[in-house]
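Me: Please take a close look at a single part of this model and describe its surroundings in a connected account. I should also like to see how that part sits within the chain as a whole.

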Amino acid sequence: MVTNFSKYIPALVEAAMTNDKRGIRMATNAIIRTLSRNDDKESITMMSKLKSLSSDYEIGKLTARGTTFSSELLLNRPILNSNRIILNADEQSRIDSFISGITHADLLMKNGVPPANSLLLYGKPGVGKTSIATNIAMKLNLPLLSVNLAELISSYLGSTGKNISRIIEQAHQQPSVLFFDEFDAIASERNSENDIAELRRIVNVLLVELDNWPADSVVIAATNHPEMLDSAIWRRFRVTLKIDLPNRQQRTLLWKDYLKTPDIFIEENFIKNGLSEIELSPSTIRNISLLALQQTLIDDIPIELAVIKSIEQSRIVLSKHEKVQLMKSLSEKPLSYTHRKIAQIFGLTHTTVGRYLKEE
């Protein structure tokens, strides 16, 4: 039995002699996992004792996956929401592969392969980066600790470095998913003219932390401005993934999903041939849909008109092609709107609508 975990003893002793709590926690966790594979009485007794010690001194807390973290510095902790995640095949495959690596961490570690447990998500606002982090935490059955770095810096200016250290220390207390939103707030180029000493120190701390992040925990960062990130940051993340705006097929699925209710029916062609032509993020599609459904249910107006009205209220500027596609989907069966009615909806003359549809 001893030989099963003897390889972790030197690391445990070294960490204890240098007062490296993180090293102690990682070595202890590895020993506990090794013991859990044995069913002899001695292994079970030792595993129980190590778990008890780990819990008492808050080194690992391997069994505390449901514990709620409490800190004023853990901002906007997201829970399961109604945001639909529809990724393209490559994005979904890479997310699935990332999750699989974490769930098979023991197998990888046994063969000397550290699991890829750091993920950098980048893309335009509203493409679902926060929802992806939430989904990963749920699939791994781990607490999700969400930190909005822009808010943190704004609220705790002058002590950001200390607060970041506190958050990281708290995340180390048990297996978890630590999510840094708006990562570019502190990870911008250190050579920029606006750089300040504190942010430079924070970047250096994060570089070290990313190199030594516990194998049984995950760190995810998200940014809308990848061009602002320090080049050293990119190298520290084992996986980097760009999340694109949804394509036409994905937008069709999103519109159908968000506009589906028991009491409202919307023509599929209006979505497929009209709405799906408009290039929007998932969050924008969701917001427009919710506003349109509210107007339809309360004011009793057709859902198609409510959606177009909601797009206008959202200050989205449609291209001529996008407008014409909406007009065309309204004019065709089964909706069969007249040119005059369509003109009223879009604030145009009926002759202009006729010309647009004829050109199309």
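Reply: **A close look at one site**

Apart from its neighbours within four places in sequence, A222 is in contact (heavy atoms within 4.5 Å) with L121, K129, F179, F180, D181, E182 and F183. The model is predicted, with local features requiring pLDDT of at least 70, side-chain atom pairs counting only at pLDDT 80 or more, and totals for chains, interfaces and linings using all residues. Residues are numbered from 1 along each chain as its sequence is written, and side-chain values use heavy atoms, with hydrogens and water left out.

A222 belongs to strand β4, residues 218-223; helices (H or I, at least four residues) and strands (E, at least two) are DSSP runs numbered from the N terminus. With a relative accessible area of 1%, A222 is buried. Here buried means under 20% relative accessible area, exposed over 50%, and partly exposed in between, with a 1.4 Å probe and protein chains only. The C-alpha atoms of A222 and T240 are 9.9 Å apart in space, while the two residues are 18 apart in sequence.

Among the contacts of A222 is E182, which lies in the loop between β3 (177-181) and α10 (197-211). E182 has a positive phi of about 50° although it is not a glycine. Most residues other than glycine have a negative phi. E182 is partly exposed, at 33% relative accessible area. A positive phi, about 55°, is also found at N141, again not a glycine, in the loop between α7 (129-140) and β2 (144-148). N141 counts as exposed, at 55% relative accessibility.

Two phenylalanines in contact with A222, F180 and F183, also take part in ring pairing. Rings of Phe, Tyr and Trp (its six-membered ring) pair if their centres lie within 6.5 Å; planes under 30 degrees apart count as stacked, over 60 as edge-to-face and the rest as tilted. By this rule there are three aromatic pairs. F180 and F183 form a tilted pair, because their ring centres are 5.9 Å apart and their planes meet at 45°. F180 is buried at 3% relative accessible area, and F183 is buried at 1%. The rings of F183 and F237 have centres 5.8 Å apart and planes at 85°, so this pair is edge-to-face. It links distant parts of the chain, 54 residues apart: F183 is in the loop between β3 and α10, and F237 is in the loop between α11 (231-236) and β5 (239-242). F237, like F183, is buried. Ring pairs thus join F180, F183 and F237 into a cluster.

For the wider setting, the chain has 18 helices and five strands, and 47% of its 360 residues count as buried. Of the contacts in the chain with a separation of 6 or more, 75% are between residues 24 or more positions apart.

The largest nonpolar core has 35 residues, of which W255, L259, F270, L275, I303, V307 and L330 touch the most other members. Such a core is a set of buried Ala, Val, Leu, Ile, Met, Phe, Trp, Tyr and Cys residues joined through side-chain atoms within 4.5 Å. The largest share of this core, six residues, comes from α15. Apart from it lies another core, of 25 residues, including V147, L152, V203 and L229.
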